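Trainee: I am new to this structure and would like a close look at a single part. Could you walk me through the strands and their turns, and then what lies beyond them?

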Amino acid sequence: MRDQTLAQRIVAWVRPWVTVFDVPLLTIIGMLALIGFVTLSSAGYDFPWRITDQARNLGIAFAVMFVFANVNPQWLMRLAVPVYVTGVVLLVLTEVAGVTVKGATRWLDIGIGRIQPSEIMKLGLPLMLAWYFHKREGALRSADFAFAALIMLVPVALILKQPDLGTSLLVVAAGFAVIFFAGLPWKWLIALIVSGLAALPVLWTLLHDYQRERVMTLIDPSNDPLGKGFHTIQAMIAIGSGGIFGKGWMQGTQTHLEFIPERT
């Protein structure tokens, strides 16, 4: 009876930590992670350290998810402003004294290593916007959405300046999702889409040469089949030759015949 009572106590202690998860969402995340890990293992079995590194990263990621799922939202709200402000300050410092690698100034040397401040904004911006809209819940006006857009544009502009188009688009997506679910009026959304389409010619002129080349390579990789379009063409060959079900475990030709250098 004593052992049963102890087991019941353990279950009672563990249950609140586990029941915070949305089971369908957790199942989907787990399946996607497993599919990705199996695919990586098939493509990169010649590089076992990449597989062990990925297993370690997945373990850390799920541990962090477990911890933050059990954090009180009120505590996260208190972190929102400091994390956002810290991220913006670090982005400014990166612009002033960052480390330039391959023509892009995205890293900041902090003595014990390098950090990429733009990564902080993937979490800092959604937290900040969620805090902002929570403070104005029930009394939102058009000016609030305009100010939220300004909150988003400040770090995005700094990231674009580095330049880092990919990360800036991810930060915009994360921030816009919060603004949209906060109740962005549909007329504003339609206006943004129309304005964005109308501004495409201007935005095109503002892109760096390598960014324009990426877009053109995506549209027509055959323009430079042995250069910038090489990986895109190899991807098309891999998908076309594998069909719906693929070539089988560890049978990918474009990877194992070394048509692509970074197969993992």
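Mentor: Happy to! Let's begin in a turn: in the hairpin of strands S1 and S2, 2 residues lie between the strands, and Lys102 takes a positive phi near 55 degrees. Please keep in mind that this is a predicted model. The strands on either side of that turn are S1, residues 99–101, and S2, residues 104–109, and they pair in the antiparallel sense over 3 bridges. Look for Val101, which stands opposite Ala104 in S2.

Now follow S2 onward to its other partner. Strand S3 covers residues 114–115, and 2 bridges join S3 to S2, again with the strands running antiparallel. Here Asp109 stands opposite Arg114 in S3. S2 and S3 also form a hairpin, with 4 residues between them, and Gly111 in this turn has a positive phi of about 95 degrees.

Moving along the chain, you come to helix H5, residues 117–135, which packs with helix H7, residues 165–181. Their axes are 9 Å apart, at an angle of about 15 degrees. Angles under 35 degrees count as roughly parallel, so H5 is roughly parallel to H7. The crossing of H5 past H7 is right-handed. On the H5 side, the residues in contact include Met121, Leu125, Leu129 and Phe133. Among those that H7 brings to the contact are Leu170, Val171, Ala174 and Val178. Sorted by class, this contact has 11 nonpolar, 3 polar and 2 charged residues.

Conventions. Residues are numbered from 1 along each chain as its sequence is written. This is a predicted model: local features need pLDDT of at least 70, side-chain atom pairs count only at pLDDT 80 or more; totals for chains, interfaces and linings use all residues. Side-chain values use heavy atoms; hydrogens and water are left out. Axes are lines fitted to C-alpha atoms, for helices over the stretch in contact, and angles run from 0 to 180 degrees between N-to-C directions. Angles under 35 degrees count as roughly parallel, over 145 as roughly antiparallel, 65 to 115 as roughly perpendicular and the rest as oblique. A crossing is left-handed if the near helix is turned anticlockwise from the far one by less than a right angle, and right-handed if clockwise. Contact means heavy atoms within 4.5 Å. Ala, Val, Leu, Ile, Met, Phe, Trp, Tyr, Cys and Pro count as nonpolar, Asp, Glu, Lys and Arg as charged, and the others, Gly among them, as polar. Two strands pair if DSSP finds at least two bridges between them.
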